[in-house]
Amino acid sequence: QEKEEDPFNYDYQSLRIGGLAFAVVLFTVGILLILSRRCRCSFNQKPGAPGDEEAQAENLITSN
């Protein structure tokens, strides 16, 4: 008789490596988002260049 394969028999080594690779990709994407400064809290602001915050702060200081 042919043995029926157990549907709950997993290759845990491949599953572990795949999960670690997925975690590394997500971690890297998160760090890149944090460092890019393109993530804004409000949706109606235009994304600007990385130096825009300093320029806006300088304009506020000189206008006061």
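**View 1. Tyr10 is partly exposed, with a relative accessible area of 46%.** Welcome to this predicted model; we start with a single side chain. Tyr10 sits in the segment before helix H1, which covers residues 12-36. Why is Tyr10 called partly exposed? Its relative accessibility of 46% puts Tyr10 in that class, because the class lies between under 20% for buried and over 50% for exposed.

**View 2. Here is the one aromatic pair of the structure.** Tyr10 and Tyr12 form the pair, with ring centres 6.2 Å apart. The planes of these two rings meet at 75°, so the arrangement is edge-to-face. An angle over 60 degrees is what that name requires. Tyr12 is exposed, its relative accessible area being 55%, while its partner Tyr10 is partly exposed.

**View 3. Four residues make a nonpolar patch on the surface.** Look for Phe8, Tyr10, Tyr12 and Leu15, which together build a patch of about 530 Å². Both tyrosines from the previous view, Tyr10 and Tyr12, take part in this patch.

**View 4. Helix H1 can be followed from end to end in this view.** H1 has 25 residues, and its first and last C-alpha atoms are 36 Å apart. That reach is close to the 36 Å expected at 1.5 Å a residue. Which residue follows H1? It is Arg37, and its phi is positive, near 60°.

**View 5. Residues 15-35 carry a UniProt annotation.** The unreviewed UniProt entry marks this span as "transmembrane region". In the model, residues 15-35 are 100% helix and 0% strand. The C-alpha atoms at the two ends of the span lie 30 Å apart.

**View 6. To finish, we step back to the protein of 64 residues.** How many helices and strands does the protein have? There are two helices and zero strands. Of the residues, 2% count as buried. The protein exposes about 6600 Å², with carbon and sulfur atoms supplying 62% of that area.

How values were computed: Residues numbered from 1 in each chain as written. Predicted model: local features only at pLDDT ≥ 70, side-chain atom pairs only at ≥ 80, totals over all residues. Heavy atoms only, no water. UniProt positions renumbered as here; feature names shortened; annotations may be inferred. Helix = DSSP H or I, 4+ residues; strand = E, 2+ residues; numbered from the N terminus. Patch = residues over 30% accessible without salt bridge, like charges linked within 9 Å, V, L, I, M, F, W, Y side chains within 5 Å. Areas by Shrake-Rupley, 256 points an atom, 1.4 Å probe, with all protein chains shown as cover. Salt bridge = Lys/Arg side-chain N within 4 Å of Asp/Glu carboxyl O. Buried < 20%, exposed > 50% of the residue type's maximum accessible area, 1.4 Å probe, protein only. Phe/Tyr/Trp six-rings, centres within 6.5 Å; stacked < 30°, edge-to-face > 60°. Expected span 1.5 Å × (residues − 1).
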